[in-house]
Structure formats: structure tokens, C-alpha cells
Amino acid sequence: MAFENIVVEITDHVGLIRLDRPNQKNALNEALRSELAVALDQLDRNEDVRCLVLTGSESIFSAGADIKEMKDHDFVEMFRQDRFAPEARAFEQLRKPIIAAVAGHALGGGCELAMMCDIIIAAENACFGQPEINIGIMAGLGGTQRLTRAVGKSKSMEMHLTGRRMGAEEAASSGLVSRVVPLKDLMKETMELADKITEQSPLAVIAVKEAVNSAQEMSLRDGLLFERRLFHALFSTEDKNEGMDAFVDRREPRFRGC
């Protein structure tokens, strides 16, 4: 599939997706969302790709949903289309880890898009917010759920009810982002993180992602059991043997994903 609203590159086991609607502030219109879902599926199925990175430009990650595209829709149309469900499923079904590299504004659907990723690295100029209340609606791509889990009820409620934006440092101190880096170093540090992940056992990486995500869905008792079973299962892999042999031999492991 030829993409018109995103750019996709693969370098050293890392699949990079760049939102590319600069004149529309990377607004998430239907075409972009469709292309993003396809790209996620393709990269997840590509055995040469072990980690994904999602980013925008240096000045904006995404301003959110394309309001001009949505403004004339009514309830029946939105409900029948189940708007935002396909791209949500694309992220939910993604087994490989995905890192959001956020510079500039990540607002509304843009903030939600970043939160659907496993790790967020923010540039100093990053700004997060859910301003949908200002146009008479609310978040519809997981914002009320993921932001609340990330920063807590009070701060999430304030942001959703007032449209207040959160800068990079506040996002880091609140637990929304993993770290804040200088804008000039954003992609360098993000790609270094992605490269580090690609060096690990692909099977262990998938297991870790499933276990950490389960912590938001399961009770502690069920989550601990799920983690333990995945831990046990990894002892059946050749990567486990390679990793432990390499540790004992004091050499770097060569993981093959089997």
C-alpha cells in the first residue's frame, strides 16, 4: 500500500512511522488513520522488525482529530461507523513494543495516539492535552481511560473538564511520559532506546509487553499468576539458553527469537 499521509521506514529492526500532514498539523483524518492501522499491522507481521517508533514533526506530533471532517456527522453516522474503533484495535493487537517520540503539541486524538504507545519520550517543547470539551464533545480514542490511569483521577478530570494543557516536565513528573529530552536529541535518544529493545530476545519482549499491559486490566493476584506463567514459558526458548550461556561466558548474547 502506498501511503500519502504517513511515512514508513525500516532501519536495523526498527519500524519508524512519521505522521505527515504538515499543512493540517497532522490532524487525524480518516485516510491517515486508515494508513496508520495498515502500517501497524504490516510492521507487526514483518519478522525483521522488532520495535516500532511513532512520531510527527519537530513542531507538532498531532493536533488531534480532523474537526472539519467530523463537524457535519451525527450520532447515527458515528455510531454506525464505530468511529475510531479500527485504529484502536490496530494498537491493541500490536504485539511488538511501540515508542511515541513527541515534539510540539499532542492534543486530543494526538495525545490519545501517544498514550496508546508503550513508551512516550517527550521533547522539551512537547505539550499534551484533551481539549475536546472546548468544542462540546469529549475524548473518544481512550483519553478518559488512559490519561486517568497515567496521571490519576484529579489531574485527568481537570484536563478533560477544562482543556488545560500539560507541558513536558509536568507530564514527566505525573508519569505520563518516560523522560524529557532536548528537541535536537529526541529522535536520537528514541532510536537508541528502540535499538536497545531490538537487542533483546523478541519472545521475552513480547512477554514483557503483555505482562505490563495486564497490570492495568487484572487484579494483582491474577496479574502475578499471569507474569509467573510467562516467566515459566520463556524457559522453553532457545533465547533463554543463549542468554544464560552468554551471561556465564561473559559475552554478548545473540538472540534469534526462538
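What covers the buried residues of α4? The model is a predicted one, and this helix is a handy place to start reading it. Helix α4 spans residues 85-92, and A85, E87, A88, A90 and F91 are its buried residues. Their cover includes two helices, α1 (30-45) and α5 (109-115), along with two strands, β3 (51-55) and β5 (98-102).

Let's follow β5 from there. Five of its five residues are buried, so the strand counts as mostly covered. Look at which way the side chains go: I98, A100 and V102 point one way, I99 and A101 point the other way, and all are buried. The strand has partners as well. With β3, β5 pairs in the parallel sense over four bridges. With β7 (119-123), β5 again runs parallel, and four bridges join the two. A100 is a good residue to click on here, since it is the bridge partner of L54 and also stands opposite I120 in β7.

Stay with β3 for a moment and pick out T55, which is found in that strand. Is T55 buried or exposed? It is buried, with a relative accessible area of 2%. Setting aside neighbours within four places in sequence, T55 is in contact with L16, I17, R18, L19, F61, A101 and M187. One of those contacts, A101, takes us back to β5, where A101 points the same way as I99.

Now step off the end of β7. E124 sits in the loop between β7 and β8 (127-129), and its surroundings make a nice contrast with T55. At 54% relative accessibility, E124 counts as exposed. Which residues does E124 touch, leaving aside its neighbours within four places in sequence? They are A168, V180, V181, P182 and L183. Take A168: it is 44 residues away from E124 in sequence, yet the two C-alpha atoms are 5.8 Å apart in space.

On to the open spaces. The largest pocket has a volume of about 990 Å³. Of the 30 residues that line this pocket, M116, C117, D118, N213 and Q216 are the closest to its centre. Several elements give two or more residues to that lining, namely α4, α5, β7, α6 (143-151) and α10 (202-214). So our starting helix turns up again here, as α4 is one of these elements. Which element gives the largest share of the lining? That is α10, with six residues. By class, the lining of the largest pocket divides into 16 nonpolar, six polar and eight charged residues.

The second largest pocket comes in at about 790 Å³. It has 31 lining residues, and A65, I67, M70, I135 and I137 are the ones nearest its centre. Here α2 (67-70) and α5 each supply at least two residues of the lining, and α2 gives the most, with three. The class counts for this second lining are 14 nonpolar, eight polar and nine charged.

There is enclosed space to find too. How many cavities of 30 Å³ or more does a search of the whole structure find? It finds one, with about 30 Å³ of space inside. The lining of this cavity is made by L28, R33, L36, E87, L113 and L141, which by class makes four nonpolar, no polar and two charged residues. E87 is worth a second look: this lining residue is also among the buried residues of α4.

Last, the cysteines. A disulfide is a covalent bond between the sulfur atoms of two cysteines. This structure holds zero disulfides. Why does C111 not form one? Its closest cysteine sulfur, in C127, is 9.1 Å away from the sulfur of C111, too far for a bond, given that a disulfide needs the two sulfur atoms within 2.5 Å. C111 is also buried, with a relative accessible area of 0%. C258 has a sulfur that is likewise too far from a partner: the closest cysteine sulfur, in C51, is 20 Å away. In its surroundings, C258 counts as partly exposed, at 30% relative accessibility.

How values were computed:
Residues are numbered from 1 along each chain as its sequence is written. This is a predicted model: local features need pLDDT of at least 70, side-chain atom pairs count only at pLDDT 80 or more; totals for chains, interfaces and linings use all residues. Side-chain values use heavy atoms; hydrogens and water are left out. Buried means under 20% relative accessible area, exposed over 50%, partly exposed in between (1.4 Å probe, protein chains only). Contact means heavy atoms within 4.5 Å. On a 1 Å grid over the protein atoms alone, a cavity is a set of points where a 1.4 Å probe fits but cannot get out, and a pocket is an open set with protein on both sides within 12 Å along at least five of seven lines; lining residues have an atom within 4 Å of a point. Grid points are joined across faces, edges and corners, and a volume is the space filled by probe spheres set on the points. Ala, Val, Leu, Ile, Met, Phe, Trp, Tyr, Cys and Pro count as nonpolar, Asp, Glu, Lys and Arg as charged, and the others, Gly among them, as polar. Two strands pair if DSSP finds at least two bridges between them.
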